[in-house]
Amino acid sequence: MNILSFLMLLPLIGTAFIALAPKTNVLLTKQIALVTTILVALVGIYMTISFDFNAKGFQFVESREWIPAFGIKYALGVDGIALVLILMSVLLTPIVVVAGWNESEGGRWSSKVFYSLLLVLETMMIGVFASTDVFLFYVFFEAMLVPVYFLIGGFGSGDRAAAAVKFLLYSLFGGLLMLASIIGIYVMATRYGNRTFDITTLSQLHTVLTPMMENVLFLGFFIAFAIKAPLWPLHTWLPDAAKSATPGTSVLLLGVLDKVGTFGMIRYCLTLFPEASKTFTPMIITLAVISILYGAFLAIGAKDIKRLIAYTSISHFGFITMGIFAMTSQGMSGSTLYMFNHGFSTAALFLVAGFMITRRNSSTISDFGGLQRVTPIMAWSFFIAGLSSLALPGLSSFVSEFLVLVGTFTRYPVAAVIATFGIVLAALYILIPVQRALHGPTTPGNENLSDLTLREKIAIAPVIATIVVLGFYPSPLLNIINPASQTIISQQGFSDPAPTMSEGK
Amino acid sequence: MSLDNYLYLSAILFTIGAVGVVVRRNAIVVFMCIELMLNAANLSLVTFSRINGTLDGQVVAFFTMVVAACEVVVGLAIIVTIYRSRRSASIDDASLLKR
Amino acid sequence: MATNNGLVYLIALPLFGALALLLLGRKADKWGHLLATAMSAGSFAVGLIQLSQMLDREAELRPVTQKLFTWISVGSFNVDASLLLDQLSICFVLLITGVGTLIHIYSISYMSHDKDRRRFFAYLNLFIAAMLLLVLGDSYLNLYVGWEGVGLASYLLIGFWNQKPAYATASKKAFVMNRIGDMGLSFAIMIAFATLGTVSFSGVKEHSHHASEAAMTAIGVMLLVAAVGKSAQFPLQAWLGDAMAGPTPVSALIHAATMVTAGVYLIVRSNFVFDAAPTAQLLVVIVGAITLLFGAIIGMAKDDIKKALAASTMSQIGYMILASGLGPAGYAFAIMHLLTHGFFKAGMFLGAGSVMHGMNDEVNMRKYGGLRKFMPITFVTFGLGYLAIIGVPPFAGFYSKDMIIETALNAGGAKGIILGSVTLLGAAITAFYMTRVMILTFTSPKRWDDNQHPHESPALMWIPMVILSIGSVISGYLLYRGKAFKHWLEPLFEEHGEHTELLPPIVVSGLALTMVAIGVAIAVIKYQLSEIDNVAPEKVSIFTRIARRDLLQDDVNEALFMRPGQAITSALVKIDDSVVDGAVRGVGKMALGSGSALRETQTGFVRSYAVLILIGAAALIAAIWVVTT
Amino acid sequence: MIEFVSPTLDYALLAPILIVLGGAVLGVLIEAFAPRKSRASSQLFITLATLVLSLVSLIRVRDRSSSAAAMESVTFDGAGMLIQGSILIISIISVFLLADQENFTALAAALPGSDEERASLQQDLRVTEIYPLTLFAVAGMMLFPVATDLITLFVALEVLSLPLYLLAGLSRRRRLMSQEAALKYFLLGAFASAFFLMGIAYLYGYSSSVTFAGIHSAVIGGSGNDIYLLLGIAFISVGLLFKVGAVPFHAWSPDVYQGAPTAVTALMAAATKVAAFGAMLRIFYVSFAEAYWQWRPAIIAIALITMVFGSLVAIAQRDVKRMLAYSSIAHAGFLLSGVVALSKSGLESSIFYLFAYGIATVGAFGVVTLVRDSAGEVTDLNRWSGLGKRSPWVATAFAGFLLAFAGIPLTSGFIGKFSIFSAAYESGSTAILITGVLSSAIAAFFYIRVIVLMFFKDPVEDGTSVVIPSIYTQITITVSAVATFALGIYPTPLINFIQSSAAFLR
């Protein structure tokens, strides 16, 4: 059996076991979930190791007929980019399970529901990155929404129902636009004699499309991804969703699901519609730069810690998008690496924020104060997570952020320069909450908060470790990513701008 | 005289029936107007049958009468029940279901 | 270039110390400070070994490198994590680790009462490691890591007592303003990569000859921005004063001796860029000159001893920057002044610390006075530092500063005249405010109330002070003798022939000394021979007030950046809710509204339905009719 | 003098229809002679048996196709068989809903609120006539899509309509509403069929033939008077569009859906739509195909209006059954895009969509029958809140059906939407694709609102409760749910089957 299919099957098996587990025995449910996710993670790591860095094209390929009538295949395969993202997903899930050990209680439904949804979601997360058939991708892309919707609405806090609905409607709207485009592609492909959804075959389709048609189809995809990513001005669902969802869910939401947007831009927008991508690049880069600064400013203005993290993510997704459309190997690899790192740094932020919130029963920043004296370890974890979010050199996100900036600068200097101001704002939006929550005198209500428990330490330690290690030694990931991004750029007919060095003397 | 006149007549009858359906309140009358429309159709059918010189049209006409009869049966049954439970055959009274 | 696998230990030792102390937590409270000191000392030892090896080699063979691993490699963007030790970096290595170790020792006693002493030492070690990485990195990107690393360390140390909100704010301010500088550095790197295709020192150096001057200027200016941020030069100087919130040893090490001088290092290190970009070079000089006076003026107005010293640091670094802006002629002297300054300023800060230690952390000099008798050692060491900084021969400062003044004068033309006079004026002001500090603290009559019990600090504290004071006496001459230091550094720079001498050196020295004498004299008259009250007088000239408010630097920043920033933020927050999200909600409402509106067509009357059907039929016929004909 | 040709009938092909009619007649006899006690059970048995039998006989002849089964007046071909099959399957599962006696009045003749009614309730009388009526309706539905001459078409239309008029009026609770629904349905239905008949007349006048084939050749020949063709198409369309409930001929459906007994509503919403669309597809594909440039713009316009209108108004609904009614209007719009596609893929996708939609609809209404309080079914949406807490499985099933309506992947609805829109787009109408997608987005809005009500709101304590489903209802809901998801996850077998056999014999 293909390893990718196996990877997707495992969580479903886990779900089956959970279904069998007695409703009363919550612990057993959790244990099953944990074991499953860990197994998945191990398989994922094994897959990464057995991945051939130098080979071009997709690996671990599997292709079966699904709906031959429409030329739809159950086709899987990963290149470096997809692999890295899958790895991220499967690594984050067990961490989320451990960190959110008690999130499943206090929901509307039993823990069984929670973990079933979680595992189903994991399957779909893998599938959405692994599928090489546009239709299959779309199926995962849309179906994914349902478990998340119930995770937010059923186990979240505050006005969770509204947030869930907002999230779902936004995404559905995007999804339907994308459906229109997919139908368009399908019909075009049929018209030009090849009724298929295979991404590799379709990547030739643009040669026969009229520019107008290509642009329209491109927009269908891009808007969907821009909502997912999210890109300004289609972002307003994210803060609400992130605020209402449980920390664990938020990690998966911002850490993994939103990556589907940026991943889609690379895998679908660029591959399927190179010309249109070129046409829209200026607009997209502009939006990206706006997102960077806009998200940063709103993060500075945020009163609620979860909203703050959400806004920082908007800023970061601006960077990722910018890097993607910069069309340089640095930008492309940087963005992909950025996706991975952002997954972990956001995870760290959200999880620690979650720890803080559960202790204080409030997510308002001003309710905290002087935690560093009360709960040093928690404070430190938050601080380090914050530093990685502001891309401090030596932490993983610096490498990716700098690559994105350099890569963009070589082709779009102005955008890069404006975007760089984001790093000053980043310092503000991280240090302000750090000062409010961790520094200063210990404010009433915080005197006897307890520090991280062993479980929480176990959950957060690997994340921080990853952040630090990848900061100094990103090569393993870059080796996986580089060939893939190279392929994509060359497909686009781009090559890195050579040093200008115009003779002036 | 030209057969077209019959067609015009049937068209007029049909219209009268349609308008009747719209303007009259009493269920029975409305129903009668519908019958009128059916018969207008019949007239056209017969006329066309004459014009085309095939019998099918007349056959249809016969079928129509039968069907109309059945409609009467069902229709009157419904109208009567309504009348009994509402003590009125005005179709405007029956407007609980709306929006 | 020769490789040497020993370099990594320079950084590894203190880094290990930092990590150990942070990760072990309270377990290490007992011996943490000792480990940290040992690590710093060890690093110093390694440095000495490296120096001795270096001395054995021929001038051009002296630089050594060590490649640790491939850090980032994407397309043509390849950066190795590798270290470079040459004549320039070795000076810094020794300064950092040497002074650093002394300050470790000093802190053992200075921080002995603080229950977080271990954390303090962890931060110190972290700083040492980062600073070493800064000066050892062989490419701008490696330097960047150290660059922000020291920023982090200084953030942590300034905010070491961050339970005091003011201190927390100070640390944040320092970090953010540094980030603005860092932005400049990243711009410089981007431009370098985009134009030259490399970010390593050697690479840029080799391209610097045939790259366009425009590119070089751009890089140079951006590097200057970085330097300005890190070295608290104008206009990014505002954070240094507040940074005095940190424990005094920190001020001595980071905000006097080492970190703040990183800007000078960056410029001198990038000499090849600036040599190729005269415009950028001019800017450097201007910044240096402005800051030199700026700091000096503030220094005259401060009553807080640490702030006064901080201002003086700012001004002294102004000297160095100015020198480094004078091209090959000045680089050596910039570094030389940097080193001597490292000694005497660190020593004076430690002195200040010891004074505060004896005065229950009182920092207001107007509440000092006559401490000469109570803490003689401090007085002497501080005094030697004082003589050094104002530039009295044969103390260290005299040689280094004199050289700078000389070079400035010889810069040629109006430039030379202006710079020369600025530096001379600076010397006078320096003399004035430093004398003021001396008098207010030590020699004037006592102004402290009787619940104060001034006393000399313990040996662990005064030994480092003594050592540093020795340094501030002799270091200048040692480096000056036979232009030793100039020759030591020469291989790194490209000499552009000799400069015209505006005035003979002896005259320059004379001028300088007269200026100093004037400064001292005024101070003595104004403070020693007249009554000083223990609260700052209110009825003072507008200039004094402005000077006390740091020449309005904070007011300007607030008006220009902070308030607009806050305005934008709150505006955007509103917009995001009302406009962006509002639009989305609006669409929803619209759909709902039209739904309920259309709903009304369903009247419930059979006849109206019939009408609908009728209309529909008519429309259908019409439509088909239209199409058909 | 025309000499009389004795008709030759192919009973094997006619069997499915004849069996159903026979079963209906048998049912009538039972009403006449069997003792009251045994009626209910025996009627149910006979009905099911008949339908199953008919299905079997249909399968037996599935790969035969002939237009000579009854002298050209009915044509059995792949498409027809598929549609008949769908009708039968849908009817079978909805008959289980009929079996639940809570749905129907004890004594149709009794006055609402009269002693007579109370007495009849106490005696636990039951109108068992519903079964034969249903069978008659089903027979009509099966005849409708295979009829290939206008007479048969008209007769079939009436045969399927008349019983439904009556069934609509037999609700046990809220009888006034029920009767009103019957009245409205009847009057408007008759009104529409009058148009239909007039259309027949004009087509006959145009082509001097009543068979589809004749009309087809006349259209090709172009000899006839185009005015007649125009009027004919228009009037026929009015009749058909009325049945499928397309705007502006939709107005009856919300009222009737709401008033009629839910079981009947299920049958109407699902089976009738299938039949009506079957007939529509046939007549437009077979007879009017070559005149498409005349009618297509109009039908496209109606399709667009229908989608948007249905989706928009559904948002504003507070009553489950009305909401479903409007959603079915929207779906009628989607299905019309299959008609205008006028291509093989259009036909295939329409058939798939009809089947999938029908199944899901029956299931959804099945759930509606379960949510009750002392006064009968609770259709007020606000009182559905917290259903997910009270009875998770029922709520989950309903959510599933809603997701299918919304066209979320992994449900049958998605495949249907995808295939039908791509068919429409293939035939070059971008407008339908865009509008369809957008109105689906609007539609999602209210489907999700219901899901929120059921799962994320807390139950209101007002006696609303979910009755323990009778075994029949259970079967209905389970079967539909399973089918809905199965067709979403692995539709290949059905699609292949449809592809292999879906074609109209001209």
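In the predicted model, helices H15(C) and H17(C) meet through two sets of residues. Ala329(C), Gly330(C), Phe333(C), Met336(C), His337(C), Thr340(C), Phe343(C) and Phe344(C) are contributed by H15(C), and their counterparts in H17(C) are Ala396(C), Gly397(C), Ser400(C), Lys401(C), Met403(C), Ile404(C) and Thr407(C). By class, this contact comprises eight nonpolar residues, six polar residues and one charged residue. The geometry of such a pair is given by two quantities, since packed helices are described by the angle between their axes and the distance between those axes. For H15(C), spanning residues 328-358, and H17(C), spanning residues 396-409, the angle is about 155° and the axes lie 9 Å apart. Angles over 145 degrees count as roughly antiparallel, and H15(C) and H17(C) are therefore roughly antiparallel to each other. Their crossing is left-handed.

Chain C also takes part in contacts with other chains. Towards chain A, 47 residues of chain C are in contact with 48 residues of chain A. On the side of chain A, at least two residues each are supplied by helices H12 (274-301), H14 (329-360), H17 (396-411), H18 (413-438) and H20 (475-491). Among these contributions, H18(A) provides the largest share, 10 residues. The side of chain A that touches chain C consists of 27 nonpolar, 17 polar and four charged residues.

Towards chain D, 24 residues of chain C are in contact with 33 residues of chain D. Here helices H23 (553-599) and H24 (606-628) of chain C each supply at least two residues of the side that touches chain D. The largest share of that side, 15 residues, comes from H24(C). Its composition is 16 nonpolar, seven polar and one charged.

Chain A contains 20 helices and two strands. Its radius of gyration is 22 Å, which agrees with the value near 23 Å expected for a compact globule of 505 residues. Along the principal axes, the C-alpha atoms of chain A fill a box of roughly 70 × 70 × 40 Å. Of the 505 residues in chain A, 68% are buried. When contacts in chain A between residues at least 6 apart in sequence are considered, 81% join residues at least 24 apart.

An individual position in chain A may be described in the same terms. Ala347(A) lies in helix H14 of chain A. With 32 other C-beta atoms within 10 Å, Ala347(A) is buried, because 20 or more such atoms suffice for that class. Neighbours within four places in sequence aside, Ala347(A) is in contact with Leu92(A), Ile95(A), Val251(A), Gly255(A) and Val463(A). By contrast, the C-alpha atoms of Ala347(A) and Thr279(A) are separated by 35 Å, the two residues being 68 apart along the chain.

Chain B has three helices and zero strands, and the order of its elements from the N terminus is α-α-α. Its radius of gyration, 17 Å, is well over the 13 Å that the globule rule gives for 99 residues, so chain B is more spread out than a compact globule. The box filled by the C-alpha atoms of chain B, taken along the principal axes, is roughly 50 × 25 × 25 Å. Buried residues account for 39% of the 99 residues in chain B. Among contacts in chain B between residues at least 6 apart in sequence, those joining residues at least 24 apart make up 49%.

Notes
Residues are numbered from 1 along each chain as its sequence is written. Chains are lettered from A and ligands numbered from 1 in the order in which they are written. This is a predicted model: local features need pLDDT of at least 70, side-chain atom pairs count only at pLDDT 80 or more; totals for chains, interfaces and linings use all residues. Two residues are in contact if their C-beta atoms, placed from the backbone, lie within 7 Å. Helices (H or I, at least four residues) and strands (E, at least two) are DSSP runs, numbered from the N terminus. Ala, Val, Leu, Ile, Met, Phe, Trp, Tyr, Cys and Pro count as nonpolar, Asp, Glu, Lys and Arg as charged, and the others, Gly among them, as polar. Axes are lines fitted to C-alpha atoms, for helices over the stretch in contact, and angles run from 0 to 180 degrees between N-to-C directions. Angles under 35 degrees count as roughly parallel, over 145 as roughly antiparallel, 65 to 115 as roughly perpendicular and the rest as oblique. A crossing is left-handed if the near helix is turned anticlockwise from the far one by less than a right angle, and right-handed if clockwise. The radius of gyration is taken over C-alpha atoms; the globule rule is 2.2 Å times the number of residues to the power 0.38. A residue is buried if 20 or more other C-beta atoms lie within 10 Å of its own, exposed if 12 or fewer, and partly exposed in between; C-beta atoms are placed from the backbone.
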